[in-house]
Amino acid sequence: MKILTFTGKTPSEALKKAKTHPFYNQMLHIDTKEIQKKSLGREALYEIVMGVEGDLQESYEKAAPIPKDGRPLTQKSADVLYDISYAAQQISKIADVKDPLYSYAEYQPQGTFEPKELKEIKSEIAKLGDKVKIIQNMFWEEKAPDLESHIPSEFAEIYRLASQSGMNREHLDAIMRMTLEHMPFKMRENSSTIKRYFQTVLRKMVPIRLESTPSVGNKKVIMLVGPTGVGKTTSVAKLAARYSYLMEKKYKVGLVVLDTYRIGAVEQLMQYARMMKLGIETVVDPVDFASALDSLRYCDYILIDTMGSSPYDRKKIEKIYECLEGNDVKYNIDVVLVMPSSIKYEDLKATYENFSALNIDTLMFTKLDETRGFGNIFSLAYETKKPISYFSVGQEVPEDLVCANGDFLIECLLDGFNRSKA
């Protein structure tokens with residue numbers, strides 16, 4: 001009798017794996033036991049021990065290899081394994097040749113000639129490594145994507161990375177369908193070309209607002225709105241420093257503070273204004289908003305910091321709206337919704353929907369250094385079609401501010417955040 005073991009986080013999960021074995025009906029259940037207890041930071045692990053008659057098991061092993069976790073291979077994965085086996089045999093044959101690699105015995109300067117057989121070995125090894133990588137990603141998740149046709153095995157890695165990034169499942173499946181439909185077959189030969197193509201597709205889908213400067217005789221008025229604690233005040237300080245000192249031209253910048261609910265926020269922004277020698281106005285009631293703007297009419301940029309508000313606190317959002325409606329000077333105010341990148345897509349979408357009454361122009365995402373998943377940012381921009389203007393990647397003023405860039409976001413999504421590329 002052959003002994004087979006199947007593991008899972010629960011006994012039922014382990015049993016589910018056992019049932020996928022082609023000879024499950026002929027198996028004898030021997031034991032079920034807990035081999036790893038659940039603890040802080042570690043999940044429980046259960047093992048089911050099954051017995052199968054030796055002749056049945058041997059015949060199956062000859063027919064198709066079984067992965068260590070007990071799941072049967074699909075026909076495609078079996079074909080890949082066969083190809084790898086064949087490639088390995090060819091490499092062995094080439095490596096074991098007894099004839100000289102050169103057809104002549106004359107001296108050849110080192111590095112000036114590479115025999116054909118050696119090139120073939122390198123090529124086979126490269127293909128072998130890529131196929132092993134494919135197999136590793138074929139079994140990353142038991143639940144297959146909800147597509148009309150299954151994703152080819154060579155796309156498994158890119159699908160896994162995008163899915164684990166927090167991207168909305170419907171968006172990912174729609175993009176994957178389009179990729180499979182339009183991607184040239186020649187580019188499907190290895191995972192690196194697939195990843196580059198997928199990056200290009202995603203990059204074209206991210207709406208970006210390029211930074212622009214005030215035209216002659218006009219000024220730019222930017223209002224930052226969003227939930228409490230997302231970093232609006234710090235972001236205003238970063239923008240003020242950028243426009244005042246870091247651009248080719250040093251612009252005149254003024255600040256307006258609507259956040260009189262938090263005395264600390266007002267003091268923080270006033271401290272920044274003193275350090276950078278900026279004009280600053282505070283607004284208590286919406287009727288004072290227009291006069292505050294008018295008092296800063298000499299500025300090229302006017303940055304407005306608003307009170308933090310829960311997305312479901314309609315009264316505070318309406319007060320901001322009253323300020324916008326009471327803009328008698330009729331400045332064109334660019335409303336930027338500031339949100340943290342560290343919350344899931346559904347919460348980002350709810351925040352956007354509740355602040356949309358303010359006629360959002362662009363999106364700004366903060367705390368990129370505090371998360372590992374960036375698919376939620378992509379999904380919100382893709383769903384709302386609102387362009388992204390800035391990223392905040394830390395607390396340092398003004399260094400940790402990045403002008404929105406599609407390449408940067410997609411690299412974060414697929415490869416993780418890298419401060420050196422910010």
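This is a short viewer tour of one sheet and its helix, then three backbone spots in loops. The model is predicted: local features need pLDDT of at least 70, side-chain atom pairs count only at pLDDT 80 or more, and totals for chains, interfaces and linings use all residues. Residues are numbered from 1 along each chain as its sequence is written, and side-chain values use heavy atoms, with hydrogens and water left out.

Start with residues 2-8 and 28-36: these are β1 and β2, the edge strands, each pairing on one side only. (Strands are DSSP runs of E, at least two residues, and helices are runs of H or I, at least four, numbered from the N terminus; two strands pair if DSSP finds at least two bridges between them.) Add β3, residues 45-52, which pairs with β2 in the antiparallel sense over seven bridges. Together you have an open antiparallel sheet in the order β1-β3-β2. For a close-up, pick Gln 36, which stands opposite Leu 45 in β3.

Next, select 11-19. Helix α1 lies across β1, β2 and β3, at about 135° to β1. (Angles run from 0 to 180 degrees between N-to-C directions of axes fitted to C-alpha atoms, for helices over the stretch in contact; contact means heavy atoms within 4.5 Å.)

Now the backbone oddities. Most residues other than glycine have a negative phi, and most peptide bonds are trans.

- Lys 277, in the loop between α9 and β6, has a positive phi of about 60°. Lys 277 is exposed (over 50% relative accessible area, 1.4 Å probe, protein chains only), at 76%.
- Lys 385, in the loop between α13 and β10, has phi near 65° and is exposed at 56%.
- Val 397 to Pro 398 is a cis peptide bond, omega near 0°; Pro 398 lies in the loop between β10 and β11.

Key
Buried means under 20% relative accessible area, exposed over 50%, partly exposed in between (1.4 Å probe, protein chains only).
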